Amino acid sequence: MERVVLVTGASGGVGLALCQRLLNEDGRIHLCIACRNTQKSEATRDLLLATHPAAQVSTVEVDLGNLASVLRVARELRCRFQRLDFVYLNAGIMPNPHVNFKALWHGLLTGRLLHMLTTAEGVMTQTDRLNGDGLQEVFATNLFGHFILVRQLECLLCGNENPSRLIWTSSSNARESAFSLSDYQHAKGQESYSSSKYATDLTSVVLNRKFNNQGLYSSVVCPGLVMSNMTYRILPVFLWMLLMPIMWVIRFFAKTYTLTPYNGAEAHVWLFKQKPESLDALVKYHSCTSGLGKCYVEPRKMDVDEETAEKLYQKLLELEKETLEKYSDLLD
């Protein structure tokens with residue numbers, strides 16, 4: 001039987017490149033692409049079928065920042081499929097990003113500039129807001145919506161003849177210093193993206209501990225610095241045009257400057273080909289590109305505390321219970 005692969009955030013950037021590369025790897029998969037609206041879903045499907053006309057590509061509409069939308073799509077997927085072999089939890093947002101040029105100048109003077117440019121540590125700030133569910137928008141879209149989706153799809157992910165896989169798109173910007181267990185939605189800070197990605201890493205660790213014995217495995221990847229719609233919102237396009245030659249040079253020293261979505265999807269595709277039992281639950285798999293353009297994957301130990309991870313998981317379960325009470329009509 002063909003493997004069923006679900007990809008969220010599939011309409012552009014790493015998500016679209018991932019879909020194209022997965023079909024190149026195995027044209028027999030059933031690829032289900034999840035986008036925020038029907039128009040994007042259908043356009044993405046048409047684009048994929050133009051290069052892979054024999055592929056099985058279906059679509060679902062979901063806004064990960066809207067719990068009602070997540071619950072509806074989970075119910076639809078449960079009706080449509082008997083199992084899911086891979087779920088790529090890739091959708092994400094970084095609203096209103098700003099560059100801290102003062103921090104960059106300080107990094108230049110202190111010799112930390114290359115580190116800052118490769119991790120965005122201290123460089124990026126974002127302005128978050130509440131969504132319609134009363135949750136912080138970045139937390140809800142990048143982590144909690146995916147968490148609810150996974151919880152609602154457990155019957156398709158656990159107990160199958162072959163293992164099922166969760167593969168989260170994290171970031172090298174996932175830093176413990178940006179995360180607080182007492183403010184896990186990051187309502188009080190200005191690094192909501194970094195906080196949400198660190199919380200993603202923590203969540204993945206706990207999911208492995210709780211579900212590996214049921215045949216569900218979770219991994220996290222970092223696509224590196226990819227030029228996408230999200231990246232282009234950080235600076236005006238003309239500045240990126242001026243910076244691109246410099247960035248190509250930096251790549252000789254900073255292997256995480258993958259730059260293209262195709263290169264950024266390297267770790268995602270690599271994990272598609274691995275046996276999950278052989279992977280380390282405490283490792284993040286980074287897409288890397290050499291200065292000459294060769295793609296490869298580099299495993300790096302995550303800086304996560306397993307006790308903190310368990311506490312966050314319990315808070316997510318409590319929040320899940322609170323929020324789902326509002327949507328009892330969408331539950332089976």
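These legends go with a set of close-up views of a predicted model.

**View 1. The whole chain, before we zoom in.**
The chain's secondary structure adds up to 13 helices and 10 strands. Out of 332 residues, 56% count as buried. Take the contacts between residues at least 6 apart in sequence, and 73% of them turn out to join residues at least 24 apart.

**View 2. An open sheet of 8 strands, with mixed pairing.**
Reading across the sheet, the strand order is 3-2-1-4-7-8-9-10. The edges belong to strand 3 (56-61) and strand 10 (295-301). Each of these has a single partner strand, so one side of each is left without a neighbour in the sheet. From one strand to the next, the twist averages 20°.

**View 3. Parallel neighbours, from strand 1 through to strand 8.**
Strands of a sheet pair through backbone hydrogen bonds, either parallel or antiparallel. Start with strand 1 (residues 4-8), which runs parallel to strand 4 (residues 86-89) and is joined to it by 3 bridges. Here Val 7 sits opposite Tyr 88 of strand 4. Strand 4 is also parallel to strand 7, with 4 bridges between them, and Leu 89 has Trp 168 of strand 7 as its bridge partner. Carry on to strand 8 (residues 216-222), which pairs with strand 7 in the parallel sense over 6 bridges. Trp 168 turns up again here, with Val 220 in strand 8 as its bridge partner.

**View 4. Strand 7, covered on both faces.**
Strand 7 spans residues 164-169, and 6 of its 6 residues are buried. One side carries Ser 164, Leu 166 and Trp 168. The other side carries Arg 165, Ile 167 and Thr 169, again all buried.

**View 5. Helices 2 and 3 lying over the strand 3 end of the sheet.**
Helix 2 (residues 38-51) lies across strand 2 (30-35) and strand 3. Its direction is at about 170° to strand 3. Helix 3 (residues 67-80) lies across strand 1, strand 2 and strand 3, and runs at about 145° to strand 3.

**View 6. Helix 1, checked against its expected span.**
Helix 1 covers residues 13-25. At 1.5 Å a residue, its 13 residues should span 18 Å, and the end C-alpha atoms are 19 Å apart, which agrees. As for what is tucked away, the buried residues are Val 14, Gly 15, Leu 16, Ala 17, Leu 18, Cys 19, Arg 21, Leu 22 and Leu 23.

**View 7. Helix 8 packed on helix 13.**
Two packed helices are described by the angle between their axes and the distance between the axes. For helix 8 (residues 192-211) and helix 13 (residues 306-324), the angle is about 90° and the axes are 8 Å apart. The two helices are therefore roughly perpendicular to each other. On the helix 8 side, the residues in contact include Ala 199, Leu 202, Val 206 and Phe 211. Helix 13 meets them with residues including Ala 309, Leu 312, Tyr 313 and Leu 316. Sorted by class, this contact of helix 8 with helix 13 has 10 nonpolar, 3 polar and 4 charged residues.

**View 8. Helix 6 packed on helix 13.**
Helix 6 (residues 137-152) packs with helix 13 at an angle of about 80°, with their axes 11 Å apart. This pair is therefore roughly perpendicular too. Helix 6 brings Phe 139, Leu 143, Phe 144, Phe 147, Ile 148, Arg 151 and Gln 152. Helix 13 answers with Tyr 313, Leu 316, Leu 317, Leu 319, Glu 320, Thr 323 and Leu 324. By class, the contact of helix 6 with helix 13 divides into 10 nonpolar, 2 polar and 2 charged residues.

**View 9. Thr 141 in helix 6.**
Thr 141 counts as buried, at 8% relative accessibility. Its C-alpha atom is 7.9 Å from that of Asp 63, though the two are 78 residues apart along the chain. Neighbours within four places in sequence aside, Thr 141 is in contact with Leu 64, Gly 65, Ala 91, Gly 92, Ile 93 and His 146.

**View 10. Ala 178, in the loop between strand 7 and helix 8.**
Ala 178 is buried, with a relative accessible area of 5%. Between the C-alpha atoms of Ala 178 and Gln 190 there are 8.6 Å, and 12 residues separate them along the chain. Beyond neighbours within four places in sequence, Ala 178 is in contact with His 186, Glu 191, Ser 194 and Ser 195.

Notes. Residues numbered from 1 in each chain as written. Predicted model: local features only at pLDDT ≥ 70, side-chain atom pairs only at ≥ 80, totals over all residues. Heavy atoms only, no water. Pairing = 2+ DSSP bridges. Axes fitted to C-alpha atoms, helices over the stretch in contact; angles between N-to-C directions. Contact = heavy atoms within 4.5 Å. Expected span 1.5 Å × (residues − 1). Buried < 20%, exposed > 50% of the residue type's maximum accessible area, 1.4 Å probe, protein only. Parallel < 35°, antiparallel > 145°, perpendicular 65-115°, else oblique. Nonpolar A, V, L, I, M, F, W, Y, C, P; charged D, E, K, R; others polar.
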